Amino acid sequence: MKRVICLAIVLALSVAAPPLHAQAVGDPKQGVSFAQQVCSACHAIRSGQLRTLNSRALTFVELATAPGMTIAALTVALTTPHAGMPMFELAPDQRRDLIAYILSLR
């Protein structure tokens, strides 16, 4: 009986939870605009830029092409404080747009 209850719970959760690959995709055009305003003080945000203004900051192309870089990984990076990165409070749509732009640089 316990197995049946556990199986029912797992099935209910799998139906209720959206798949990870179905995360909302942002607008890269809005993302580059936001990046120009907020991120370009430290990061090289365009594909042709080879150097950043802050030597500790990666270029957006480096971020986009890093092994294992995903929407989830960028979401964590943009919502978790880490060394050398100021903590910005981004609205969910700003974060999605910025991530969409970064990943478009692959």
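**Helix crossing and core: a quick chat**

Tutor: In this predicted model, H4 passes H5 in a right-handed crossing.

Student: Why are H4 and H5 called oblique to each other?

Tutor: The axes of H4 (residues 71-79) and H5 (residues 92-104) cross at roughly 125 degrees and come within 10 Å. Roughly perpendicular covers 65 to 115 and roughly antiparallel needs over 145, so an angle that fits none of the named ranges counts as oblique. H4 and H5 are therefore oblique.

Student: What makes the contact between H4 and H5, residue by residue?

Tutor: From H4 you get Ile71, Leu74, Thr75, Leu78 and Thr79, and they meet Arg95, Leu98, Ile99, Ile102 and Leu103 of H5. By class, that contact has 7 nonpolar, 2 polar and 1 charged residues.

Student: Which residues touch the most other members of the largest nonpolar core?

Tutor: Ala35, Cys39, Phe60, Leu74, Leu98 and Ile102, out of 18 residues in that core. H5 gives the largest share, 5 residues. Helix H2 (28-38), helix H3 (60-65) and H4 join H5 as the elements that give two or more residues.

Student: Why does Tyr101 count as buried?

Tutor: Buried means under 20% relative accessible area. Tyr101 has 8% relative accessibility, so Tyr101 counts as buried.

Student: What does Tyr101 touch, leaving out residues up to four places away in sequence?

Tutor: Pro28, Gly31, Val32, Ile45, Arg46 and Phe60. Tyr101 sits in helix H5, and its C-alpha is 5.1 Å from that of Gly31, though the two are 70 residues apart in sequence.

Key:
Residues are numbered from 1 along each chain as its sequence is written. This is a predicted model: local features need pLDDT of at least 70, side-chain atom pairs count only at pLDDT 80 or more; totals for chains, interfaces and linings use all residues. Side-chain values use heavy atoms; hydrogens and water are left out. Axes are lines fitted to C-alpha atoms, for helices over the stretch in contact, and angles run from 0 to 180 degrees between N-to-C directions. Helices (H or I, at least four residues) and strands (E, at least two) are DSSP runs, numbered from the N terminus. Angles under 35 degrees count as roughly parallel, over 145 as roughly antiparallel, 65 to 115 as roughly perpendicular and the rest as oblique. A crossing is left-handed if the near helix is turned anticlockwise from the far one by less than a right angle, and right-handed if clockwise. Contact means heavy atoms within 4.5 Å. Ala, Val, Leu, Ile, Met, Phe, Trp, Tyr, Cys and Pro count as nonpolar, Asp, Glu, Lys and Arg as charged, and the others, Gly among them, as polar. A nonpolar core is a set of buried Ala, Val, Leu, Ile, Met, Phe, Trp, Tyr and Cys residues joined through side-chain atoms within 4.5 Å. Buried means under 20% relative accessible area, exposed over 50%, partly exposed in between (1.4 Å probe, protein chains only).
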